[in-house]
Amino acid sequence: MAESESGADKSEEPTEKRRRESREKGQIARSRELNTVAVTIGGIGGLLASGGGLAQALMGMMQGSFELSREMLLDEGSMVMLLMASGMIALEAILPLLIALLIASIVGPIALGGWLFSAKAMAPNFGRMNPGAGLKRMFSTKALVELLKALGKFLVVLLVALLVLSSYQDDLLSIAKQPLDLAIMHSVELVGWCALWMACGLILIAAVDVPFQLWDNKQKLMMTKQEVRDEYKDSEGKPEVKSRIRQLQREMAERRMMQAVPEADVVITNPTHFAVALKYDAARGGAPMLVAKGGDFLALKIREIAQEHSVTVLESPALARAVYYSTELDQEIPAGLYLAVAQVLAYVYQLRQYRAGKGRRPDPLHELPIPPELRRDE
């Protein structure tokens with residue numbers, strides 16, 4: 001199918017989200033013909049399985065109901081007792097058939113579409129009470145299909161019934177010549193088999209209806225290209241919204257990072273392009289951690305905050321680049337930089353002692369030992 005300029009043609013397969021929402025609303029493929037076949041064959045199967053016992057129970061109930069003693073006729077309460085006993089016999093006899101019908105009525109609907117309980121489908125929909133919408137449904141394509149199915153069902157059942165009755169004609173006529181008990185047993189058996197063959201004719205209708213219902217449900221779920229794009233935007237978020245969220249996240253991360261700079265032991269610079277702030281907690285142990293890093297403008301802000309809070313700023317381009325590229329925020333520096341950072345921290349601690357008047361001025365740092373694999377050139 002060619003797609004129009006407006007993208008109105010439903011040419012796209014339904015997405016998983018569309019299928020899930022449709023199922024939540026109770027809009028899944030269902031076949032009434034499949035349900036009818038399941039219930040009919042299940043009931044007839046139960047009748048054939050329990051037909052002998054059912055016939056004997058009915059004969060016993062009829063015999064007990066018509067063979068009344070003089071005492072029972074004169075006793076007013078005996079009729080109630082007899083009626084209750086007959087009801088229990090009938091219930092016990094028909095119970096297997098009812099169980100078979102119950103199982104078939106459950107298996108039939110879930111055979112196509114699976115088990116589904118939808119509160120939305122049970123909610124009142126006043127739109128269904130609209131006469132205009134009702135007339136529209138009456139003259140819709142679906143109504144025409146249902147009419148054709150009903151007509152086809154009638155013709156198939158009629159044809160199968162004629163064939164079955166003609167094939168069982170001699171058996172039906174022979175019932176009149178049989179004793180009562182045998183006639184009842186034979187009648188139940190014939191009714192069961194005749195009904196079963198006629199019900200099998202409905203399988204043809206169900207075999208046509210099930211693929212149609214699957215196709216029709218899929219057509220209802222088909223989407224236009226615009227609907228697919230809109231769903232993607234709703235699920236993944238609009239690009240401008242996601243960009244704004246990322247911007248806010250970066251700003252929050254930068255604020256937290258700047259708040260950590262005053263707590264750092266040293267800020268190592270490139271001197272202008274990169275700046276990294278390191279902190280070592282002797283009580284916690286482990287290696288020094290990177291609490292802030294940035295390039296260009298962020299590097300300038302880190303240096304300014306460090307100077308405002310009297311944090312030592314040390315220029316070491318090679319070490320600054322190595323830490324910047326190898327370590328993430330709030331992570332320990334790699335083992336290859338332990339020696340170089342240890343020399344820097346020792347220099348910072350000696351410098352603090354010197355400024356406090358408790359020691360001599362430390363010698364300036366020379367080339368720091370940085371492994372080749374961690375070196376990064378500008």
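How many Å should the 27 residues of helix α7 (residues 141-167) span?

## A helix to check

Helices here are DSSP runs of H or I with at least four residues, strands are E runs of at least two, and both are numbered from the N terminus. The expected span of a helix is 1.5 Å times one less than its number of residues, so α7 should span 39 Å, and its end C-alpha atoms are indeed 39 Å apart.

Some of α7 is tucked away: K149, V156, V160, A161 and V164 are its buried residues (buried means under 20% relative accessible area, with a 1.4 Å probe and protein chains only).

## How far to trust it

This is a predicted model, where local features need pLDDT of at least 70, side-chain atom pairs count only at pLDDT 80 or more, and totals for chains, interfaces and linings use all residues. Residues are numbered from 1 along each chain, and side-chain values use heavy atoms, leaving out hydrogens and water.

The chain's mean pLDDT (the predictor's confidence in each residue, from 0 to 100) is 78, with 85% of residues at 70 or more. Among the elements, strand β2 (residues 274-279) has the highest mean, 90, and helix α5 (residues 119-122) the lowest, 56.

## Inside the fold

A nonpolar core is a set of buried Ala, Val, Leu, Ile, Met, Phe, Trp, Tyr and Cys residues joined through side-chain atoms within 4.5 Å. The largest one has 24 residues, and V266, I268 and V344 are among those touching the most other members. Helix α14 (338-355) supplies at least two residues; in fact, α14 gives the most, with seven.

Apart from that core lies another, of 14 residues, including V267 and I305.

Conventions:
Buried < 20%, exposed > 50% of the residue type's maximum accessible area, 1.4 Å probe, protein only.
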